[in-house]
Amino acid sequence: MPHTLTRRTLLAAAGTLALAPRRTARAAQPLVLTPGQTEGPFYPVTLPADADGDLVRVQGAAARALGTVTHVTGRVLDRQGRPVPGAAVEIWQCDANGVYRHPRAPDQARFDSGFQGYGRTAVDSGGGYAFRTIRPVPYPGRTPHIHVAVIVPGTGRFVTQMYVEGEPLNARDGLLNGIRDPAARRSVIVPLRPTPAEPGALAGTFDIVLDL
Ligand SMILES: [Fe+2]
């Protein structure tokens, strides 16, 4: 019995020691605040009837959206890394042919009726959100991106854009490179990789850290 106690005490001590440096490192490296970005000209004037978190399926549409299905998930956090309760996340983007659903956007007649173009979801208790959308594509003057807004009750609306790692046009995109701080710029560039969740689909994680 004394042997067991000693061993247990040692294990407990080892656990404490192992945790201590991690705590210190965390305190020394605050989270990178997600940089804000312009909303751009194509936030929807009217929200689609179907405005849920699955942009690939539109209620009543015969076909699903064109493009590569992409799961975008993440968490809305404050600067301490705590979930932001009650937040809602919106995304909007152009369809697989580079057309926005917006009366002033070019080529409205060509907009993919199987693509929702916009979606909104509330975060869960851990600050998590999830969208099923398409991999963003380039359009004249812009590298692929997804517009993102976070609404926090009592605080306001935060707007940014999410980019895709490895896109050749990233190097020349004025808005992306307008984020001068390299860590802040990296924080909005997300790797998209195949996911076991859905055959042929991609997935990426975009955590949004607010100045709260
Ligand atoms: Fe855009």
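**Exercise 1. In which sense do β5 and strand β6 pair, and over how many bridges?**

Solution. Start with the two strands in this predicted model: β6 covers residues 156–164, and β5 covers residues 145–152. They pair in the antiparallel sense over 8 bridges. To check this on your screen, find Ile151, which stands opposite Arg157 in β6. Then follow the chain through the hairpin of β5 and β6, where 3 residues lie between the strands. Among the residues of this hairpin, Gly154 takes a positive phi near 85°.

**Exercise 2. Which strands pair with β5 and β6 on their other sides?**

Solution. Take β5 first. Strand β2, residues 88–92, pairs with β5 in the antiparallel sense over 5 bridges. A good landmark here is Val89, whose bridge partner in β5 is Val150. Now turn to β6: this strand pairs with β7 in the parallel sense over 2 bridges. Look for Val164, which has Val190 of β7 as its bridge partner.

**Exercise 3. What is the strand order of the sheet, and which strands are its edges?**

Solution. Put the pairs side by side, and you arrive at the order β3-β2-β5-β6-β7. This is an open sheet of 5 strands with mixed pairing. The edge strands are β3 (118–122) and β7 (189–190), each of which pairs on one side only.

**Exercise 4. How many helices and strands does the protein have, and how do they run from the N terminus?**

Solution. Count the elements: there are 3 helices and 10 strands. Next, read them along the chain, which gives α-β-β-β-β-β-β-α-α-β-β-β-β. Finally, look at contacts between residues at least 6 apart in sequence: 73% of them join residues at least 24 apart.

Methods
Residues are numbered from 1 along each chain as its sequence is written. This is a predicted model: local features need pLDDT of at least 70, side-chain atom pairs count only at pLDDT 80 or more; totals for chains, interfaces and linings use all residues. Two strands pair if DSSP finds at least two bridges between them. Helices (H or I, at least four residues) and strands (E, at least two) are DSSP runs, numbered from the N terminus. Two residues are in contact if their C-beta atoms, placed from the backbone, lie within 7 Å.
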